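Biologist: I am new to reading structures, and I would like to take a close look at one small part. Could you start there and then lead me outward, step by step?

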Amino acid sequence: MDIGEQRFGAVTVLRPVGSLSLEEVTQFKSSLADVMVKSLGRVVVDASGISYVDSRGLEVLVEASDGLARSGRALRLCGVNELLREVLDLTELAERFELYEDANSAVRSFL
Amino acid sequence: MQSKTKKTSETGSARDSTGKAPLYSTVLALGSFVVASATAAGVAWGLDAEAASRGRARVHEVRGAVTMLAHAVQREVDAGQVEALPRLLTDVATTYDLSTCRVRVPNAATIAEAGMGAGALGTIPDQLPTGARRTEEIGKTLASFAVPVRAGSSGELLLEVSASVAAPWNMALARLGVPIVLGVGVVALLLAQRLVASRLRALGAIGRALDASLQERDGGALMVSEATGSYAKPWNAIVGEREALRRFAAFKEATEPGRAGGVSSELAAACDVLTQGILILDERLRVKYANGAAATLLAGKRDGMVNTDLRSLVADSEVIGALEGMAKGKVRQRVSVESSRVGPQGKAAEVSGERAGSVLRFSARPVRREEHGVVMVVVEDVTQQKVADEARNGFVAQATHELRTPLTNIRLYTEAMIEDSDNAEMRAKSLNVISSESRRLERIVADMLSVSEIEAGTLKIVRGDVRLDQLFDELKEDYRAMAEDKEINLVFELPPKLPVVSGDRDKLALAWHNLIANAIKYTPAGGQVTIRAEDTPGRFLMHVIDNGIGIRSEEQELVFDRFYRAKDNRVANLTGTGLGLTLARDIARLHGGDIVLRSEIDKGSTFTFELPTVAEGAMARAA
C-alpha cells in the first residue's frame, strides 16, 4: 500500500492509496500511530485514495478516532468517497469522525 | 426539613410510651389474674375429682373386705371357733384401717370385736333372732356395713363394720396451697413485667423509629424519645454520630470538586471533551488534575499524571519559572507563555528533532485558596496558528516585493514616455513593457485571490469543455518571449491531436502557467524546458521537464507547502510568492488528479500534472 504523507504547515495529511483491508492495514496503522505521536494529533486522513475498506480497516480508523477522543478531538477525514461514506453510514460510525470535503478545509479546522 | 421531622418523630414516640404503657400493664395484670383463677379452678376441680374417686375406691375396698370377712366369720362360727373371732376381726380392721369391726347379736350384746374387745361375750347365746338383712350406709365421711352371719339353726348374728372414707388431711392443705402459690406467681410475674417493660419500651420505640426511617430515609427519624428507657440514650448517641458523619461526607463532597461523585465525575467528563488541556498544580508544581487533552499534549498518555512533577513533563525553564512564581503566590495576574520545547527531557529532544516542533501555549492563572497556592493552567496546541502566522507574515513581505517590481517598471516606463513623448521607438518599447508587467501583476493578483479562496474553502472549479489545443497555443504565445529573453530553449512536444477535456479552463491555465513559469525561472540561461503532453487512457498527462537547478529530495514535498521556498542560494535571488506550486497542486486535486515531482539536484526537475479524463472526459471527447 502506498501511503502519501504531506504536510500542510504543522498538519500532516496521510493519503493511503489502495484498499484499506486486512493485509495492508497494518502498515497504515503504524504510520498513522507514528504521525499521531509526532504531530500531537494534528493529522488528517485523506480518504480519496481508498478504493475498498473492510472491518479491520474501519477498526483502525475508529481506534485512532477514539484515541483522539480522549483529548476531546476526533479523527479528521477528508475526500471521503461514495463507498466509504456508505460504509460509515451503514455502520453508524460517521459521527465518530470529523468529515471534510478536502484536505485544505480539514487542515484549516486546526486553526 | 430535617429538624421538623425529627421533632414530630420524637413527640410521636413520647406519646406512644406514655399512652400505651398503663393500658398494656392493666391488660397484662388482668390476663395474669384470669389465668391464675382458671388455673386455681382447674386445680380445685381436679382435687375434688381426685377426692371423689378416692372415696369411691375406699368404699369398694371396704365393701370387698367386709364380704371376705363375712365369709371368714361364717366359717369360724360354723366351726364353733368363736374365740378365734376377735383375732380375725383385729387383723382385718388393722389391715383395712376400719374404725369399727365387730360381731354381735342384732340390737343386743357384742360377741366379738376388734381390739381389746372389752365387754364382749365371747360365746354365742342360744336364742338368736332371725330376719337380719344386709345393709350399707355410705356417708360423706363414714361408710357402715352390716352383714348377717348364720349361727347354726338358732338364728343369725350381725357383722358390723364401719370405716372412714373421708379425704386425707393433705388434700385440704393442697386445696388451700394452690391459690397461695398462684397468687405468689402472679405477683412475681407482674413484678418481672414491670422490670422488663421499661427496656421493652425503648426497644419498641427503636423498632418503630427504624420502620419510620425506611420510609423517610432521614437520619433524624431514627432518634427516639429518651423517656422510653435506658437503651434510648446510647441509641440516640449512635444515631447522632452516624448523622454527623453523613452530613460531613455530604459537605465534603459538595465542597471538594474533582472527587469521584455524581456532579464532579460529570465535570471531569466535561473537561475531557475540551480540546484545550487543563492542569491544576499545587504549590510545588505537582499535577493535581489533568484532563485528557493536557495528558495527551504533555505526556502522550493518561495514566500516572497525578502527582507527577510538571518539571518532568515540560523542559522549558521559562514556562516553569512563570508557573513557579504563581504557585508561590508572587504573581497573581494571568500569565501566558508559548513554548516549543515540550515533553520530558528525552522527549523534548525527540520532538524538537521533528521537522516542525509543536508549539504549546501555557496560560496560567492562580486559583484563590486560603491555605496554599494552586495554579490552573490551560494548555493549547497553537502550532498550526504559529505556522500560519509566520507564513502570512512571509507572504505579505513577499507579495509586497512581488507587486512592487512590476509597478516600479510600469512607473519608470510611463515617466520615460511622458518625458520623451516624441520617440516612437521608445514609446513602443515602453508600452510593451507596461503591457507585460500589467499581465504579470494580473497573474500575481489572480494567484493571491485563488490562494485566499483555498484558504477560505471557497475555491471551486467550474467544469466545462476545455480545448487543450487552444490552451497550449496560448501558453506557447505567452512564454516564447520570456524564454527568448532568458536564452532558454522552450520545446513543446504535443501529440498531433489534443483532446477536449472536462475541467475549469481558467484554473487549469493558472496552474500550467505557474508550472511553466517556474521551470523557466529556475533554469539558468542556455538550459532547456520541455512541455510534453501525453493522452493516456483515463488521464491526460502534462510533463514540464527542465534541466535546471533541481530540488533536493528532502525538499521535494515541502515545495508544495504554502509560502515555502527552497533553501537554495540560487533561489533566494529570484522573486516568488511561494504560492504557485501550492495552487497548482490544489487545482490538480480539485480536478481529481495530482502533481507528481521527480527531481535531482543540479540535474533538473520534472513536474507531471495528471488530469483524469474518464467519465466526464469521455463524454467531452465524444462530443
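Modeller: Happy to! A helix here is a DSSP run of H or I that is at least four residues long, and helices are numbered from the N terminus. Keep in mind that this is a predicted model. With that settled, find A:Ser31, which belongs to helix α1 of chain A, residues 25-38. Is A:Ser31 buried or exposed? Its relative accessible area is 18%, and because buried means under 20%, A:Ser31 counts as buried.

Now see what surrounds this serine. Leaving out residues up to four places away in sequence, A:Ser31 touches A:Ile3 and A:Leu14. A:Glu5 is 26 residues from A:Ser31 in sequence, yet their C-alpha atoms are 9.4 Å apart in space. There is also a partner inside the helix numbering: a polar atom of the A:Ser31 side chain lies 3.0 Å from the backbone oxygen of A:Gln27.

From that one residue, let us move on to chain B and its sheets. Strands of a sheet pair through backbone hydrogen bonds, and the pairing can be parallel or antiparallel. One open sheet of chain B has five strands, ordered β2-β1-β5-β4-β3, with antiparallel pairing. Which strands sit at its edges? They are β2 (110-113) and β3 (135-138) of chain B, each of which pairs on one side only. From one strand to the next, the twist averages 20 degrees.

Within this sheet, follow β4 (residues 142-151) and β5 (residues 155-164) of chain B: the two run antiparallel and are joined by ten bridges. As a landmark, B:Val149 stands opposite B:Leu157 of β5(B). Helix α2 of chain B, residues 85-96, lies across β1 (100-104), β2 and β5 of chain B, and runs at about 50 degrees to β2(B).

A second sheet gives a nice contrast in its pairing. It is also open and made of five strands of chain B, in the order β12-β14-β15-β17-β16, but here the pairing is mixed. Its edges are β12 (489-493) and β16 (594-600) of chain B; each has a single partner strand, so one side of each has no neighbour in the sheet. On average, neighbouring strands of this sheet are turned by 15 degrees against each other, direction ignored.

How do β12(B) and strand β14 of chain B, residues 528-536, run? They run parallel, joined by five bridges. One pair to look for is B:Asn489 with its bridge partner B:Gln528 in β14(B). Helix α11 of chain B, residues 468-485, packs on this sheet and touches β12, β14 and β15 (539-546) of chain B, with a direction at about 170 degrees to that of β12(B). Another helix, α14 of chain B (residues 580-590), lies across β16 and β17 (604-612) of chain B, running at about 135 degrees to β16(B).

Next come the nonpolar residues. The largest nonpolar core has 45 residues, and B:Phe472, B:Trp512, B:Leu515 and B:Phe609 touch the most other members. Helix α12 of chain B, residues 505-521, gives the most to this core, namely ten residues. Take B:Leu515 as an example: again setting aside residues up to four places away in sequence, its contacts include B:Met542, B:Val544, B:Ile595 and B:Phe607. Another core, of 29 residues, lies apart from this one, and B:Val62, B:Phe145, B:Leu157 and B:Ala163 are among its members. You have met B:Leu157 already, opposite B:Val149.

Finally, let us look at charges. A search of the whole structure finds 35 salt bridges over all chains. One of these joins B:Glu338 to B:Arg361, with the closest N and O atoms 3.0 Å apart. This pair links distant parts of the chain, 23 residues apart: B:Glu338 is in strand β8 (residues 335-339) and B:Arg361 in strand β9 (residues 360-367), both of chain B. B:Glu338 is partly exposed at 30% relative accessible area, and B:Arg361 is partly exposed at 25%. By contrast, B:Arg585 and B:Asp594, whose side chains meet in a salt bridge of 3.5 Å from N to O, are both buried.

Terms used: Residues numbered from 1 in each chain as written. Chains lettered and ligands numbered in written order. Predicted model: local features only at pLDDT ≥ 70, side-chain atom pairs only at ≥ 80, totals over all residues. Heavy atoms only, no water. Pairing = 2+ DSSP bridges. Axes fitted to C-alpha atoms, helices over the stretch in contact; angles between N-to-C directions. Contact = heavy atoms within 4.5 Å. Core = buried A, V, L, I, M, F, W, Y, C linked by side-chain atoms within 4.5 Å. Buried < 20%, exposed > 50% of the residue type's maximum accessible area, 1.4 Å probe, protein only. Polar contact = N/O pair within 3.5 Å; in protein donor to acceptor, adjacent residues only side chain to side chain. Salt bridge = Lys/Arg side-chain N within 4 Å of Asp/Glu carboxyl O.
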